[in-house]
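Student: Could you pick one part of this model and take a close look at it with me? I'd like to see how it sits in its own chain, and then what goes on around it.

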Amino acid sequence: MEFYLPIAEMSINPIGFLCLGIIVGILSGTFGVGGGFLMTPLLIFLGIPPTIAVASEANHIVGSSLSGTIGHLRRKAVDVRMGNVLLAGGILGSFLGIYIFNSLKEVGLVDLLITLSYFLFLTIIGSFMLYESLDSLGLLGHKKRTRFYHHSWIMGLPFKIRFKKSGLYISLIPPYLVGFFVGILSSIMGVGGGFIIIPAMIYILRMPTSVVVGTSLYQIIFITAFVTILHASTNHSVDIILALILLVGGAIGAQIGVKLSGKLNGAGLRMALAILVLIVGAIMASELIIQPENLINIISGSNFE
Amino acid sequence: MKNKLLIILFSVFILMGQMPPNIVIDENEKDIKIKPNIAGTEVVLYGVMPSGEKDIIIEIVGPARNIFLEEKKRIYGFWLGLGRANYYKVPSYYNILSSRQLKEIADQRAFDKLGLGLNNLPLGKAKITNSATQQIIFDDNLKKYMIERGQFVKGEGQVSVKSGPGKVGIFSTEFLLPSRSHQGKYFVRYYIFQNGEFISYAENKIDLKQAGFSRIIWLLSKNFPLLYGILAVILSGSLGWLISTIFRRLKIS
């Protein structure tokens, strides 16, 4: 069975991509991460052009994060006000991200930008996760956990407002900046940015963990929706068919993942995921360094014009 | 899965007098609609040609399109695709079918004179930027790529000729138009050879139209990008919502 992707202009095996969606969905359900940061590199490895992988993955995340947010909203585990502040920053950030993306696309450097961003972030996150999981397994010999407090300069910032759900009274500026930064990453990498925003909420904004995931997902819906529209209208690179196949697979996988997460050893799993993340990062980097098989490649040639 | 639909093209060659033979062909354009999400469409060509010790070569050239190539170069240890060769008039499809192996029909010089064959296929002048590579190298890569994708094909010896009543022969052949074929006019050129000499020529056209869902999506994304983006978001969002509803129902029941 073959399926034709109209924007990527290639025939794919839908079962294979459905399975890819399921596998990444299981990981995201188990670990509570969005999975975009694994999906986009995997799509690139499978031969989807990087620009299309990024834009279509953003489109996929719209659906998967909406599906996730509904559950959190029912449990009232979403700080909508905080989400909106993050979103306001995110929209500005995604404009900047798209601007950078399109400027580099014109000079042929956008693939480098995507690859390097992934290498950098996958390495950082992978190392952090590996450290954290080894620490929880008691392999590093730390007895006391370091505690994070609001730095005094964060407390001293103006424009303070009350975030009732999170029980915080802090300045608008830190969440706005976090949102801004994640917006840039979202448009360049085709990710929701949960892997940045969740640690930022916990360690910088000091939000209670009960609302962190829901709030993060809530703002990711809108950021990725915005990024999808920006990519579609400037690059024509959103492949809706690809996004929908991944969404169906991802939803099934996420349900399995949620079930699994209760039964498995958390720290050991996190260590496995950390190693996987590091491997994907290394493969991304190797594509830039190892001499490619073909020095001359087709980059575009539309079949529908 | 092969599209079993056979599209039959009828080209009639009528021999008018003994020598040199004139050819009259059916001038009507044929419309073909293909759906890009299936493997392809089988096209059958058949017609009448002068009989005797004659060979036929059929060349099919698809509509031109833009193709951009990039060349990877090593800069500071990284392989970056900085070189560009932009082609603006590359035939999207090329096929050469013949009644025998081409080298048995005539020698290469005869084909060169007629501009027949993949080697003589004009790819148009490429606009090369940021690269010292000559166009001929890009041309070779482009041809290799098109052959790999099944868009430049050869069917030597795949035309069968049977002698019909009187002084006519009936030729027939079939080939597969891949599902990714470009929409537009396909020129079908018929060359008749006798004893290594070219004796007559005829031409007709197939008008290929793409149908189906993929094409609609593509058109929407190019012509109404903003609307397409909004639609993509709505579709993804509603599918996400639907999925969460389905799973919630399943858990309750």
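Tutor: Let's start with how the pieces get their names: helices are DSSP runs of H or I with at least four residues, strands are runs of E with at least two, and the numbering goes from the N terminus. On that count, chain B has five helices and 13 strands. Keep in mind that this is a predicted model. My pick is strand β7 of chain B, residues 94-98, where confidence in chain B is highest, at a mean pLDDT of 93.

First, is β7(B) buried or exposed? A residue counts as buried here once 20 or more other C-beta atoms lie within 10 Å of its own. Five of the five residues of β7(B) are buried, so the strand is largely enclosed by the rest of the structure. Now look at the two faces. As a general rule, side chains in a regular strand alternate between the two faces of the sheet. In β7(B), B:Tyr94, B:Ile96 and B:Ser98 point one way, while B:Asn95 and B:Leu97 point the other, and all are buried. For comparison, 33% of the 253 residues of chain B count as buried.

Which strands pair with β7(B)? One is β4(B), residues 54-61, which runs antiparallel to β7(B) over five bridges. Another is β9(B), residues 152-155, which pairs with β7(B) in the parallel sense over four bridges. B:Ile96 is a handy residue to click on, as it has a bridge partner in each of these strands: B:Glu59 on the β4(B) side and B:Lys154 on the β9(B) side. Stepping back to chain B, 75% of its contacts with a separation of 6 or more join residues 24 or more positions apart.

Now for how far to trust the surroundings. Chain B averages a pLDDT of 78, and 81% of the residues score at least 70. The low end is β1(B), residues 3-12, at a mean of 45. pLDDT stays under 50 over residues 1-29 of chain B, although the model has 64 contacts beyond four places in sequence for that stretch. For the model as a whole, ipTM is 0.83 and pTM is 0.76.

From the strand, let's move to where chain B meets chain A. Here 48 residues of chain B are in contact with 47 residues of chain A. On the chain B side, β5 (64-75), β6 (78-91), α3 (135-148), α4 (213-223) and α5 (225-252) each supply at least two residues. The biggest giver is α5(B), with 16 residues. By type, the chain B side of the contact splits into 24 nonpolar, 16 polar and eight charged residues.

A good residue to zoom in on there is B:Val233, in α5(B). It counts as buried, with 27 C-beta neighbours inside 10 Å. Leaving out residues up to four places away in sequence, B:Val233 touches A:Val62, A:Ala225, A:Thr228 and A:Ile229. By contrast, B:Val233 and B:Ile105 are 58 Å apart, C-alpha to C-alpha, with their positions 128 residues apart in sequence.

Cross over to chain A, which comes to 11 helices and five strands. Of its 305 residues, 50% count as buried. Take A:Leu230, in helix α9 (residues 209-235) of chain A: with 25 other C-beta atoms within 10 Å, A:Leu230 is buried. Sequence neighbours up to four places away aside, A:Leu230 touches A:Ser94, A:Ile98 and A:Ser187.

Helix α7 of chain A, residues 173-189, is worth a look too: its 17 residues reach 24 Å from first C-alpha to last, close to the 24 Å expected at 1.5 Å a residue. Most of α7(A) is covered, with 13 of its 17 residues buried. Right after α7(A) comes A:Gly190, with a positive phi near 65°.

Last stop is α1(A), residues 14-31, whose 18 residues should span 26 Å, and the end C-alpha atoms are indeed 26 Å apart. Its buried residues include A:Phe17, A:Leu20, A:Ile26 and A:Leu27. To return to where we began, β7(B) has an antiparallel pairing with β4(B) and a parallel one with β9(B).

How values were computed. Residues numbered from 1 in each chain as written. Chains lettered and ligands numbered in written order. Predicted model: local features only at pLDDT ≥ 70, side-chain atom pairs only at ≥ 80, totals over all residues. Contact = placed C-beta atoms within 7 Å. Nonpolar A, V, L, I, M, F, W, Y, C, P; charged D, E, K, R; others polar. Buried ≥ 20, exposed ≤ 12 C-beta atoms within 10 Å, placed from the backbone. Pairing = 2+ DSSP bridges. pLDDT = per-residue confidence, 0-100. Expected span 1.5 Å × (residues − 1).
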